There are 4 protein chains.
Amino acid sequence: MSIIAVIYCSRTGNTQKMAEEVARGAQGAGATVDLMQVDEANVEELTKYDAIIIGSPDYYAGMAAEIKEFLDASVVLHGKLAGKLGGAFSSSANVGGGNETTILSILQAFLVHGMAVMGEAIGDHFGPVSVNAPDDRVVHQCRTYGQSIARLADKLRG
Amino acid sequence: MSIIAVIYCSRTGNTQKMAEEVARGAQGAGATVDLMQVDEANVEELTKYDAIIIGSPDYYAGMAAEIKEFLDASVVLHGKLAGKLGGAFSSSANVGGGNETTILSILQAFLVHGMAVMGEAIGDHFGPVSVNAPDDRVVHQCRTYGQSIARLADKLRG
Amino acid sequence: MSIIAVIYCSRTGNTQKMAEEVARGAQGAGATVDLMQVDEANVEELTKYDAIIIGSPDYYAGMAAEIKEFLDASVVLHGKLAGKLGGAFSSSANVGGGNETTILSILQAFLVHGMAVMGEAIGDHFGPVSVNAPDDRVVHQCRTYGQSIARLADKLRG
Amino acid sequence: MSIIAVIYCSRTGNTQKMAEEVARGAQGAGATVDLMQVDEANVEELTKYDAIIIGSPDYYAGMAAEIKEFLDASVVLHGKLAGKLGGAFSSSANVGGGNETTILSILQAFLVHGMAVMGEAIGDHFGPVSVNAPDDRVVHQCRTYGQSIARLADKLRG
């Protein structure tokens, strides 16, 4: 089965709660999950994962600088993540406030690494989005997303 | 005072309702507004407006094909819209379903025309977003946005 | 082996040339490829492909309206493309003129369908980009991309 | 006349060269320009400028983490930049490598601040793009962009 990193940055706890639910969903699909805050994560260890999922609050329509710093640092292993699976989720204070652009900025970084990303036909299409504290809808989105990522990671490992 | 086009595509009536509220906001700030469905709008007449605001439902994370067809046709006056102001709004069936990418795709088309666009520091930052039918929050966003666009259009006319 | 659709819209022939090279790359990796202009493509037949690759000129920073119309029409089979692979490429008259946003707008539509997309660690990261007529660099990008998509489609088919 | 900040991050010198040319263009249009590396820039002083232009290399399809950190820190004056003008430019190692997404991520941050941004009808539409070292084309784009921003900033100052 797959091994998956769920890496997040959280100040209010909203993104952390989402990370925990994404991790739970992935575990429910049989994956082994390492759940960590971005300042505990080690760029060099990314190569051991089948999928990497990153969650960030929406700051000025993009990921938090701490997450960007982590992704910038991942250049040392450029090319070694190719073929792996990436995922993203975000929390925001507003419906039209940059949730989607935050997620897409993370997914685009994964594409630059030569990774694959996936969407969901039902619900939050690019990745789970929470406006303020995660409610039942968001918890469901996060679990489903974790599960879908785990299943696709298994296929890609194949 | 400024003259503003509010052009929209609507099947369920949600985007039309938003268009009416954006128009109302702009009129409240003193602008003359032409409100039209995209199939009533004439590309050649765009040059007479100080600001052009386009609203679209979110179809597959982008504007409706009817709107794209209209924007593609606007190539006949490329360069002649430079310096004008553009705005956009969208409605969607889902929080994380492409609202923002729909608005941004319209704003990016305006930038290619050499136009200016503006954000809002409070609320829906790129332009008004409705998840399903417009509620009071959305009506407020639309009116405020119409008002802000009208004021900035006046300045740009200067 | 996989069966792949390469669908394109082309007026100057540049995007068509790219489509042919992407098709060649995919065939070289063993895939069966259906190469078609968008007005020859049938939405209902999309379900038979393992991967769908769409190429468009960059019109106002997005895909041509003909392509958007095709994607909007694909709503009739929403959910049935989930798990398939998508790809995109674009041609433009300018370096910073919307090549990337055109490709990303197509990839985002695929994500809404619940499909997967992939990047390239080397070269044009989101998909092949041609500024004006495709030169040797672009031909190489297109072939490599077609090949990569075919290989990943094989994996996803499992 | 307007006072404009040109803030950049540069490791290879490419983005710095672009910044100098953007500054020259703005000065040529009569603006007073403060040109600074991002680590010399002070968030609190942003309120004194009529326009803020930010340049970044393209790292993983987005702005450098140093620039993101600066923008995240600008939350302390949220609302106070509303109505100002923003601009962006980027350098990259590749045509389809994230130039546009880097620029757009900066422009989107400005929109969240309630600022206005503008495009160019001719050339690099969202802002100047350099693939590798800036050549004559890029120098021209940068000067024209600086000039255009300065002129629009004058209008917005009213």
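Colleague: How many residues does each chain bring to the contact of chain D with chain B?
Modeller: This is a predicted model. Its contact between these two chains draws on both sides. Chain D gives 21 residues, and chain B gives 21 residues.

Colleague: Which elements of chain D each supply at least two residues of the side that touches chain B?
Modeller: Two helices and one strand of chain D meet that mark. They are helix 3 (99-112), strand 5 (116-118) and helix 4 (136-157).

Colleague: By class, what makes up the side of chain D that touches chain B?
Modeller: Gly counts as polar here, and Cys and Pro count as nonpolar. On that basis, the side of chain D has residues of three classes. The split is twelve nonpolar, seven polar and two charged.

Colleague: In what sense do strand 5 of chain B and strand 5 of chain D pair, parallel or antiparallel?
Modeller: Strand 5 of chain B covers residues 116-118. B:M118 stands opposite D:A116 in strand 5 of chain D. Three bridges link the two strands, and the sense is antiparallel.

Colleague: What relation takes chain D onto chain B?
Modeller: A turn of 180 degrees lays chain D on chain B with an RMSD of 0.0 Å. The shift along the axis is 0.0 Å. That is the relation of a two-fold axis.

Colleague: What share of the contact residues of chain D recur in chain B?
Modeller: The same surface serves both copies. The share that recurs is 100%.

Colleague: Which residue of chain D comes closest to the rotation axis?
Modeller: The distance is taken at the C-alpha. At 2.8 Å, the residue is D:V117.

Colleague: Which elements give two or more residues to the side of chain C that touches chain A?
Modeller: This contact takes 21 residues from chain C and 21 residues from chain A. The side of chain C divides into twelve nonpolar, seven polar and two charged. Its contributing elements are helix 3 (99-112), strand 5 (116-118) and helix 4 (136-157) of chain C.

Colleague: Which residue in strand 5 of chain C does A:M118 stand opposite?
Modeller: Strand 5 (residues 116-118) of chain A runs antiparallel to strand 5 of chain C. Three bridges join them. Opposite A:M118 stands C:A116.

Colleague: Why is strand 3 of chain B largely enclosed by the rest of the structure?
Modeller: Both faces of strand 3 are covered. B:A51, B:I53, B:G55 and B:P57 are buried on one side, and B:I52, B:I54 and B:S56 on the other. The strand is largely enclosed because its buried residues number seven of the seven.

Colleague: How many bridges pair strand 3 of chain B with strand 4 of chain B?
Modeller: Strand 1 (residues 3-8) of chain B pairs with strand 3 in the parallel sense over five bridges. There, B:I7 has B:I54 as its bridge partner. Strand 4 (residues 85-92) also pairs with strand 3 in the parallel sense, and the bridges number seven.

Colleague: What is the hand of the crossover from strand 3 to strand 4 of chain B, right-handed or left-handed?
Modeller: The chain leaves strand 3 and passes through helix 2 (residues 65-73). It then enters strand 4, completing a β-α-β crossover. The hand is right-handed.

Colleague: Is B:S56 buried or exposed?
Modeller: B:S56 is found in strand 3 of chain B. The cut-off for burial is 20 or more other C-beta atoms within 10 Å. B:S56 has 28, so the residue is buried.

Colleague: What is the bridge partner of B:S56 in strand 4 of chain B?
Modeller: B:S56 touches several residues beyond its sequence neighbours, including B:C9, B:T15, B:I67 and B:S90. Its bridge partner in strand 4 is B:S90.

Key
Residues numbered from 1 in each chain as written. Chains lettered and ligands numbered in written order. Predicted model: local features only at pLDDT ≥ 70, side-chain atom pairs only at ≥ 80, totals over all residues. Contact = placed C-beta atoms within 7 Å. Helix = DSSP H or I, 4+ residues; strand = E, 2+ residues; numbered from the N terminus. Pairing = 2+ DSSP bridges. Buried ≥ 20, exposed ≤ 12 C-beta atoms within 10 Å, placed from the backbone. Right-handed = clockwise from strand over helix to strand, strands pointing away. Least-squares fit on C-alpha atoms with pLDDT ≥ 70 in both. Lists of a residue's contacts leave out its neighbours within four places in sequence.
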